[in-house]
Structures are given as structure tokens and as C-alpha cells.
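Let's take a friendly walk through a protein fold and see how charged side chains pair up. Have the model ready to turn as you read.

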Amino acid sequence: MLDKLAEIKERFEELSEKLGHPDVFKDKDQFRKLSQEHSSLQEIVDSYNQLLEFQKELKSNQELADSSYEDPEIREMARHEISIFKQKFEEKEKHIQLLLLPEDPNDSRNIIVEIRAGTGGDEAALFARDLFQMYAHFAESRNWRLKLLNESKNDLGGFKEITFAIEGKDVFSHLKFEGGVHRVQRIPKTETQGRIHTSAATVAVLPEAKDIEVEINPKDLRIDVYRSSGPGGQSVNTTDSAVRITHIPSGMVVICQNEKSQLKNKAEALKVLRARLYEKEIEEQQSEVAEQRRGMVGSGDRSERIRTYNFPQGRLTDHRINLTLYKLEDILLGKLEQVIEPLLSHHQAELLKTS
């Protein structure tokens with residue numbers, strides 16, 4: 001690892017020199033590209049320099065501790081310093097290992113989230129609403145922007161399905177492990193005998209795709225427009241602003257009706273379609289390493305049960321990493337860090353095993 005770090009430091013210094021050259025500064029594209037690479041290496045190089053300092057201190061104190069000519073108190077102080085710098089060295093080494101892990105190219109992307117009620121009828125739709133509100137609270141706490149794209153409600157105000165976008169810094173990196181089946185155990189309000197029911201909702205987290213990454217042939221699309229409507233069929237809009245796009249080759253259907261403008265709904269529907277096609281393409285590319293992915297935090301398959309929300313006991317269990325928290329109320333209010341951080345740590349640990 002030290003050899004690799006030395007190479008990175010050498011590249012960092014080379015970039016620093018290039019960025020100071022007037023010709024590079026005049027070329028905006030080249031300057032931007034080199035600046036981004038320079039910035040991406042900064043933390044690794046800083047950590048490497050600290051690691052070398054700790055290594056130097058360790059060697060110096062080890063020489064003092066092994067010396068038979070020094071004062072016994074100095075040797076004892078040196079041994080104490082060894083334990084301190086050894087711990088610092090190991091912690092910094094572990095931190096650098098994480099920095100050197102290959103980045104997920106999608107981590108910095110915005111996302112599109114689709115939540116659908118599963119087994120459980122009205123109760124599943126109400127739970128889908130709870131999940132949406134949980135993600136909305138979490139997005140708000142991180143100053144992310146949430147934009148509703150499409151919703152289909154039942155008579156109780158639950159969501160049969162809801163699609164929304166979240167935009168902000170490193171959104172996908174925080175929420176990429178939310179995809180799958182979320183199960184709820186609680187007593188429905190309509191239950192007269194106090195029995196606990198089990199329902200479920202599925203969550204799909206799609207990294208937003210750029211236009212140049214997914215080319216869509218207009219001839220492959222069937223676009224229908226109609227009037228947006230709310231629960232019970234009441235009209236939300238008096239014009240044909242809702243848009244339904246069918247991608248004929250894949251059979252994918254996307255509906256957007258939350259904008260008053262037909263053009264805006266069409267643009268948002270295409271954004272969702274592009275994200276779905278991008279996800280499909282990624283899944284096909286990664287099929288060869290599916291077993292490896294499944295052995296980490298999860299395959300991301302939306303049919304995989306990932307989590308149980310038990311209301312009577314106030315308990316949340318993430319089945320992928322055997323995490324159990326008795327803080328269900330807080331989590332549903334958007335305090336998701338206590339679930340997300342252990343998932344990320346587990347994923348990083350598994351990556352380290354295979355690196």
C-alpha cells in the first residue's frame with residue numbers, strides 16, 4: 001500500500017506543478033480536469049503524509065525504548081508514546097484503505113425513488129405513505145430537494161404508488177441500499193380485534209441518468225396524454241396535462257401528472273424512463289458479479305426483503321446486516337443516519353475483504 005501511496009503523492013505533486021503553469025491556466029477545460037483530479041487526491045496525500053509522520057515517531061520512540069544508555073524514565077515515556085502512535089498509525093492506515101477503495105460512479109448522482117404498496121391492501125398503501133414521509137424528512141434534514149413526479153392514492157390517503165426525485169450532494173451514496181421490500185408489522189386502524197397485521201411495500205432507488213448515457217429513440221415511444229386526477233377520480237386539472245409514456249422495446253410504462261404543464265410532465269416522465277433503462281443496463285453489465293454483490297449489503301433486487309418495521313415493539317430490523325434498533329419513531333421521522341451508516345460501514349468492510 002505504501003508504494004501505491006508514494007505513486008499517488010508523486011502524481012499529486014505533478015498536478016500541482018501543472019496547475020501553476022500559465023498555459024494550463026489559459027485552457028479552461030484542461031485546468032478544470034486537472035483541478036478535479038488534484039482535489040480528488042488531496043485527502044489521500046494529506047493522510048499519507050500524516051502516516052509517514054506517525055511512522056517516523058514510532059521509529060524514533062522505538063529506538064529510545066530499546067536503548068540501554070538512556071534514563072529509565074525516558075525509556076518508559078518512549079514505550080507510552082509507542083502505544084499512542086501505533087494506534088494513530090493503525091487508524092490512519094484504515095482510513096487510507098477506505099479512501100483507496102474504488103468509488104461507485106453513481107454515488108454523486110441524484111436519484112429517482114419509486115415506492116409501491118405490496119401485500120396488505122390499504123394498510124400497505126398507508127405504509128408506503130409512511131416510507132415516503134420518512135425519506136422526505138431525511139431529505140429535508142440534509143437540505144436536499146425533493147420533487148414529486150407521480151402519485152396514486154387510495155381512499156385512506158395512502159399511496160398505491162408514488163414516484164419522486166431527490167436532488168442534492170451525494171444523494172445516491174446515502175440511499176442506494178434502500179431498494180427492496182420493506183415489511184411492516186402493526187395493528188391497522190381498521191382492525192377491531194387488535195390483531196397485528198403484516199404488510200409490505202417495495203422501494204426502488206434509481207440513479208438519475210444523463211441524456212448522453214441512455215439514448216432513447218422517439219420511434220420506440222408511445223405517448224398518451226390525459227387529465228390528471230386525484231383520489232376518487234376528482235379532477236386536479238382541466239387540461240390534458242398528465243403524460244403516460246410506454247417504451248415499446250422494454251414494455252416499461254412511466255406516468256407523470258404532478259406538473260400543470262404537459263411539457264414538464266413529459267420531461268419528467270422521460271427522466272424516470274431514462275433512469276429505469278440506465279438501471280437495467282447496469283444490472284445486465286453486473287450480472288457476471290451478481291454473486292459478489294449479493295454477498296455484500298444486498299443485490300439491490302426489489303424483491304429482496306431488506307427490513308422490518310415492528311410498531312408494537314418500536315423496533316426496526318435490517319435483515320442484511322442483522323441490525324436491530326428500538327428507535328422506530330425517530331427513524332420514521334427521518335433520522336436515517338443510524339441505519340444508513342452501519343450499512344455503509346458493512347459495505348466498505350466487505351469491499352476491503354475483496355480488494
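The text below looks at salt bridges, then at a helix and a surface patch.

This is a predicted model. The structure holds 22 salt bridges, and three of them are set out here.

| Salt bridge | Closest N to O | Places in the chain |
|---|---|---|
| arginine 276 and glutamate 114 | 2.7 Å | helix H7 and strand S1, 162 residues apart |
| arginine 186 and glutamate 123 | 2.3 Å | strand S4 and helix H5, 63 residues apart |
| aspartate 130 and arginine 186 | 2.8 Å | helix H5 and strand S4, 56 residues apart |

Are the partners in these pairs buried or exposed? Arginine 276 and glutamate 114 are both buried, and aspartate 130 and arginine 186 are buried as well. Glutamate 123 has a relative accessible area of 9%, so it counts as buried, the cut-off being under 20%. Salt bridges with shared partners also join Arg11, Glu14, Lys18 and Glu37 into one network.

Now find helix H5, which runs over residues 121-141. Its 21 residues should span 30 Å at 1.5 Å a residue, and the end C-alpha atoms are 31 Å apart, so the two values agree. After H5 comes asparagine 143, with a positive phi near 60°.

Next, turn to the surface. Asp3, Glu7, Glu10 and Glu13 form a negative patch there. Glutamate 13 sits in helix H1 (residues 2-19), and its relative accessible area is 45%, so it is partly exposed.

Glutamate 90, in helix H4 (residues 72-100), is partly exposed because its relative accessibility is 45%. Glutamate 90 and leucine 51 are 39 residues apart in sequence, and their C-alpha atoms are 8.9 Å apart in space.

Definitions and conventions. Residues numbered from 1 in each chain as written. Predicted model: local features only at pLDDT ≥ 70, side-chain atom pairs only at ≥ 80, totals over all residues. Heavy atoms only, no water. Helix = DSSP H or I, 4+ residues; strand = E, 2+ residues; numbered from the N terminus. Expected span 1.5 Å × (residues − 1). Buried < 20%, exposed > 50% of the residue type's maximum accessible area, 1.4 Å probe, protein only. Patch = residues over 30% accessible without salt bridge, like charges linked within 9 Å, V, L, I, M, F, W, Y side chains within 5 Å. Areas by Shrake-Rupley, 256 points an atom, 1.4 Å probe, with all protein chains shown as cover. Salt bridge = Lys/Arg side-chain N within 4 Å of Asp/Glu carboxyl O. Lys, Arg positive; Asp, Glu negative; His and termini not counted. Charge placed at Lys NZ, Arg CZ, Asp CG, Glu CD.
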